[in-house]
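The following paragraphs lead the reader through a two-chain model, beginning with the interface and ending with single residues. Please keep the sequence and the coordinates at hand.

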Amino acid sequence: MVDTIPIDTWIGMAVAIVAFWGVAAWAMIRTLRQEDRKVELLEDQRRIDTYSPRGLSELREWIEANPDDPYRDDAIRRYNDCVEILRATDRHFYEWSESEIERLEPI
Amino acid sequence: MATEAKTARAEWGSRFGFLMAMIGAMVGVGNIWRFPFVTGENGGGAFILAFLILLFLLMIPGLMAEVALGKYTGKGIIGAIRDATGPGTAAGLGVIVLIVNIALMTYYSPVVGWTLYYMIHSYLFTFTGAGFEAGAFLGALFDNPVLMIALHTAVMAIIASVLYLGISNGVERLVVYAVPALVLGLAAIAIRAVTLPGASEGLVFTFTVQWEYLTFSQTWIEALAQALFSTGLGWGIAITVGSYLREYDDAPLGGGVFTAVGEASIGVLAAFAIFPLVFAFGVDPASGAGLTFEALPQVFIEMPGGAIWAIVFFTGFFLAAITSAVVITEVGVTTVSEETRLSRNQSVLGVCGVIWLFGLPSAYSVEILEFGDDTFALWGLPLATIAILVAVGWFMGPERLRVLSLNQNAGIHVGRWWNPLVKYVVPLTMVFIMAVFAWDFRGEDIMIAGMVMLVGVPLISFAVMRYVDGRAEPQTQAEATGGDD
């Protein structure tokens, strides 16, 4: 019979709660808030940017590095769509600066 | 081949619906009885740390790959994998997943039947009635094949009814209520359990950190097995659920991080709920699966207000089981409706009918059920996981999928570190765990059956797709794939 809970057990319980429930709660709240933001932007301007600055930059790098890839046309379409939306809309889902958007060139 | 009569693809009605579908699919009976016990047996907090590392290193990247492929292709498992591999023999990787998925459901449905039976009896206050004896009650159920088959039939009828209503009106409507109800039920039991005299012993058993366990290979193997069986990687669920995502939906945050950590959180909650109860009433914590069906009913007899707690527990237990079963069956329904001339409703009847038919032996005999469980869980699941990750890692190419789909509309950015994990680390880990299981069961019938399955299922799958796709017209885009690095 254990009357008091040792410190090691408290640590284990705290790790379990923070690492699982903490992370799960963070992920759920973050994704639901992002959903609300997307819905708000879509209601306001019908379209939203589809890539973050880093994501779009990596997409462009991939397109340039793979000129013969069978998925290249689809990649270009996705890239150009995002550039066009960024230029056509005032409010963006990802954190884009005006200078970053101005530097973007369609492929 | 799909008919032109098939209309626009269904979508999740809300982000919450998608998240609950993923959690509902992944949380099953194993989260409730297995996680707390394996944790306590393998160093408590140290095991939790090992499990967490493997979750982030293997399971989250794997789930991200599945959801991203489903989202990109907008197809069920065979269609999605065919898009990655190109039509023909290699698309048989998708058939492997389908066969394993349906095989798993044939013995999971009778287990869901047991939970249904126990839930019904909790409402009838059977467990707190005079003269109730848990072992005899379970034995009487197992010795009554007509009742077992009736329960299996009832479960498949419930599943078919939900799936018949469709993705949004059926599956989503079930999971958005059932999963929160399960969490609330377990939370209520946990609060009651930890306040019982003697409950601290259960918490000490489960959560005490024994750091030396991190140096034991057995701790890591158990953590790997738990992570594999509980996250649902390789079942084709994440591909299918991801294929119903909407245009602007994220894949990696919801489908990867939240799903893996969220479903494990239910196991942690179960640890707070079940093991304090078990220790407070002096029940053997090593009862394993029998814990929920034999040991816990005995606890409810002695517990103040036990009849109500039995209702809360067994309702939650049934919800955990039925939501998994519904979404697992959806994998087959989606694929069959896309790959054949059958409509969705005909596919529901066809897939549920096949599972019901092949599930009859498992419903009839617990020995057959356990043999099927051991064979398919130990080798079928890793095999199916390898099939999916070979399609993503070696045919589609992880970098291609990452830049095209995973990071599009993503809630978190996934860097290039993801590529080698999906291409090498996760598949090799699956090979390793299959080898460990084979060694553990060397020479036994389970191992021989597993090896036959490891050879037979891929051979049949590749032959089927070679024949089926050989008769179909080639698809230009898919033909030209072949990895990206």
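How many salt bridges are there between chain A and chain B? In this predicted model, the count between the two chains is 4. One of the residues involved is A:E35, whose partner is B:R246; the closest N and O atoms of this salt bridge are 2.7 Å apart. Polar contacts add to the picture: 22 residue pairs are in polar contact across the interface of chain A and chain B, with both residues at pLDDT 80 or more.

On the side of chain A that touches chain B, the elements giving two or more residues are α1 (7-45), α2 (53-65) and α3 (72-88) of chain A. The largest share comes from α1(A), with 22 residues. Sorted by class, this side of chain A comprises 26 nonpolar, 7 polar and 14 charged residues.

The extent of the interface can be considered next. The size of an interface is often given as the accessible area lost when the parts come together. Between chain A and chain B, the buried area is about 4400 Å², and carbon and sulfur atoms give 67% of that area. Three residues, A:F20, A:W21 and A:Y71, supply 18% of the area that chain A buries against chain B, which is more than any other three residues supply. In terms of residues, the contact takes 47 from chain A and 57 from chain B.

One residue of chain B that touches chain A is B:D250, found in the loop between α11 (237-243) and α12 (252-280) of chain B. Is B:D250 buried or exposed? B:D250 counts as buried because its relative accessibility is 1%, under the 20% limit for that class. Its side chain reaches two backbone nitrogens, that of B:L253 at 3.1 Å and that of B:G254 at 2.9 Å. Apart from neighbours within four places in sequence, B:D250 is in contact with A:T31 and A:K38 of chain A, and with residues of chain B including B:R15, B:L245 and B:N409.

A second buried position in chain B is B:G24, in helix α1 (residues 15-26) of that chain. With a relative accessibility of 2%, B:G24 therefore counts as buried. Not counting residues up to four places away in sequence, B:G24 touches B:V179, B:A320, B:T323 and B:S324. The C-alpha atom of B:G24 is separated by 25 Å from that of B:S343, a residue 319 positions away along the chain.

Backbone geometry provides a further point of interest. Most residues other than glycine have a negative phi. A:R46, although not a glycine, has a positive phi of about 75 degrees. A:R46 lies in the loop between α1 and α2 of chain A and is exposed, because its relative accessible area is 67%. In chain B, B:F125 is not a glycine either and has a positive phi of about 60 degrees. B:F125 is placed in the loop between α5 (92-123) and α6 (134-142) of chain B, and its relative accessibility of 43% is why it counts as partly exposed.

Finally, confidence in chain B deserves attention. Chain B averages a pLDDT of 89, and 95% of its residues score at least 70. Confidence in this chain is highest in helix α7 (residues 145-164), at 97, and lowest in helix α20 (residues 476-479), at a mean of 48. Over residues 1-5 of chain B, pLDDT stays under 50, and the model has 9 contacts beyond four places in sequence for them. Over residues 476-480 of chain B, pLDDT also stays under 50, with 11 such contacts. Where pLDDT is low, the predicted coordinates should not be read in detail.

Terms used: Residues numbered from 1 in each chain as written. Chains lettered and ligands numbered in written order. Heavy atoms only, no water. Contact = heavy atoms within 4.5 Å. Buried area = accessible area lost by both parts, 1.4 Å probe. Salt bridge = Lys/Arg side-chain N within 4 Å of Asp/Glu carboxyl O. Polar contact = N/O pair within 3.5 Å; in protein donor to acceptor, adjacent residues only side chain to side chain. Helix = DSSP H or I, 4+ residues; strand = E, 2+ residues; numbered from the N terminus. Nonpolar A, V, L, I, M, F, W, Y, C, P; charged D, E, K, R; others polar. pLDDT = per-residue confidence, 0-100. Buried < 20%, exposed > 50% of the residue type's maximum accessible area, 1.4 Å probe, protein only.
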